[in-house]
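Work through the exercises below with the sequence and the model open. Each task is followed by a solution in steps.

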Amino acid sequence: MKQHPRAILLGAQARTGGLPVCDHYSGVEARMRKSLQLQAELAQEFGACVFDVSLDCEDGAPVGREAEHAELVTELVLGAAAGARVAVRVHPVDHPAFAQDVQTIVGRAGARLAHVMVPKVESLRDVEIAVRALDAAGAPQLPLHALVESPAAVHRAFDIAGHPRIESLSFGLMDFVSAHGGAIPEEGMGAQGQFTHPLVVRAKLEIASACHAHGKVPSHCVVTEFKDAQAMETAARRARSEFGYTRMWSIHPDQIRPILKAMSPSEGEIAQAARLLQQAESADWAPISFDGKLHDRASYRFHWQVLERAHATGARLPAQAQPWFAGP
């Protein structure tokens with residue numbers, strides 16, 4: 001019986017998970033409902049769930065009405081369609097509403113959640129506090145995502161990414177820039193400046209490197225110019241090709257398709273990967289000659305990840321590759 005390429009090719013450091021490449025955030029009730037509806041529509045269009053919906057309690061909850069907002073989020077999670085990938089961003093672990101968020105949402109709807117995002121994670125201690133809270137709420141297997149938003153947190157990114165419950169790290173651009181007290185100009189938060197200012201660039205690279213070192217998913221920050229589809233696509237493409245990010249935040253429905261397009265391999269890359277891996281499988285994954293070049297498991301792994309990224313973005317796979325993604 002032939003083994004699946006994933007079992008043969010992906011070692012610990014190459015396992016970056018099967019997360020959708022887009023993580024879409026919304027916190028206002030009407031937008032949260034619209035996000036869930038859009039997720040279902042695109043899943044039907046692409047034949048796969050191509051983005052997560054993260055319901056926001058941190059910035060979405062009106063001040064003084066955090067408990068009411070947590071109840072609303074819980075009902076939305078419980079009412080989501082079967083197969084929906086729904087997550088929640090709770091308050092930071094040192095916020096008075098954190099425990100309440102976890103008890104209400106995770107305690108009642110933990111089995112329906114894809115993950116929990118914890119913002120303003122500063123250290124491994126914050127991760128451990130969040131883990132204990134999730135465990136106490138009856139969700140000991142629920143993955144955690146952490147939002148890295150300060151210079152100190154960036155310094156500790158490798159420790160944070162190494163925790164076994166952490167599935168992904170996200171870069172919090174806006175708070176990171178603000179944490180510098182004006183030392184980084186406003187342009188550092190823009191669609192172009194965030195890719196050129198040295199301190200921001202360094203932070204992005206540290207987070208991506210930490211994730212890949214531990215087989216976790218690096219998730220790129222927001223682009224606030226949400227009406228500029230080209231700026232969005234360009235930023236997503238740079239995040240993937242220059243900074244090593246395999247996932248990106250969306251804060252407006254119009255940003256989802258540009259992210260999917262930018263994160264997806266080209267048709268030529270997909271076709272080449274499928275042909276190469278089919279030949280490698282026929283050789284029982286021993287080295288082969290392909291288009292005049294020697295290939296072995298190191299390059300097989302790269303091309304397998306091309307196909308996984310294609311599948312995660314809803315791209316059409318060649319016939320020879322489809323059985324590998326047909327399900328259990």
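Glu233 is buried, at a relative accessible area of 12%; buried means under 20% relative accessible area, exposed over 50%, and partly exposed in between, with a 1.4 Å probe and protein chains only. The model is predicted, so local features need pLDDT of at least 70 and side-chain atom pairs count only at pLDDT 80 or more, while totals for chains, interfaces and linings use all residues. Residues are numbered from 1 along each chain as its sequence is written, and side-chain values use heavy atoms, with hydrogens and water left out.

**Exercise 1. Place Glu233 in its element and list what its side chain and its neighbours do.**

Step 1. Glu233 is found in helix α10. Helices (H or I, at least four residues) and strands (E, at least two) are DSSP runs, numbered from the N terminus.

Step 2. The side chains of Glu233 and Arg237 are joined by a polar contact of 2.6 Å. A polar contact is a pair of N or O atoms within 3.5 Å; within protein, one must be able to donate a hydrogen and the other to accept it, and residues adjacent in sequence count only if both atoms are side-chain atoms. An α-helix has 3.6 residues a turn, so residues three or four places apart point the same way.

Step 3. Leaving out residues up to four places away in sequence, Glu233 touches Pro258, Lys261 and Ala262. Contact means heavy atoms within 4.5 Å.

**Exercise 2. Describe helix α10: its span, its start and its buried side.**

Step 1. Helix α10 covers residues 229-241, and its 13 residues reach 18 Å from the first C-alpha to the last, close to the 18 Å expected at 1.5 Å a residue. The expected span is 1.5 Å times one less than the number of residues.

Step 2. At the start of α10, a side-chain oxygen of Asp228 comes to within 3.3 Å of the backbone nitrogen of Gln230.

Step 3. Besides Glu233, the buried residues of α10 include Ala231, Met232, Ala235, Ala236 and Ala239. The buried residues of α10 pack against β7, β8 (247-250) and α11 (256-263).

**Exercise 3. Is helix α11 mostly covered or mostly open, and what covers its buried residues?**

Step 1. α11 is mostly covered, with six of its eight residues buried. These are Ile256, Pro258, Ile259, Leu260, Ala262 and Met263.

Step 2. The cover over the buried residues of α11 includes β1, α2, β2 (51-56), α10, β8 and α13 (297-312).

**Exercise 4. Which strands pair with β6, and in what sense?**

Step 1. Strand β5 (residues 144-148) runs parallel to β6, and five bridges join them. Two strands pair if DSSP finds at least two bridges between them. Val148 has Phe171 of β6 as its bridge partner.

Step 2. β6 also pairs with strand β7 (residues 217-220) in the parallel sense, over three bridges. Here the bridge partner of Ser168 is Val217 in β7.

Step 3. Five of the six residues of β6 (residues 166-171) are buried, and the strand is mostly covered.

**Exercise 5. Find the second largest pocket and follow Ile251, one of the residues closest to its centre.**

Step 1. The pocket has a volume of about 540 Å³. On a 1 Å grid over the protein atoms alone, a pocket is an open set of points where a 1.4 Å probe fits, with protein on both sides within 12 Å along at least five of seven lines; lining residues have an atom within 4 Å of a point. Grid points are joined across faces, edges and corners, and a volume is the space filled by probe spheres set on the points.

Step 2. Of the 28 lining residues of the second largest pocket, Tyr25, Asp56, Asp59, Arg89 and Ile251 are the closest to its centre. The elements that give two or more residues to this lining are β1 (22-26), α2 (29-46) and α8 (173-178).

Step 3. Ile251 lies in the loop between β8 and α11 and is partly exposed, at 36% relative accessible area. Not counting residues up to four places away in sequence, Ile251 touches His24, Tyr25, Val222, Val223 and Thr224.

**Exercise 6. What are the phi values of Lys120 and Trp285, and is each residue buried or partly exposed?**

Step 1. Most residues other than glycine have a negative phi. Lys120 has a positive phi, near 50 degrees, and Trp285 has a positive phi of about 70 degrees.

Step 2. Lys120, in the loop between β4 (113-118) and α5 (124-136), is partly exposed at 35%. Trp285, in the loop between α12 (267-282) and β9 (288-290), is buried at 7%.
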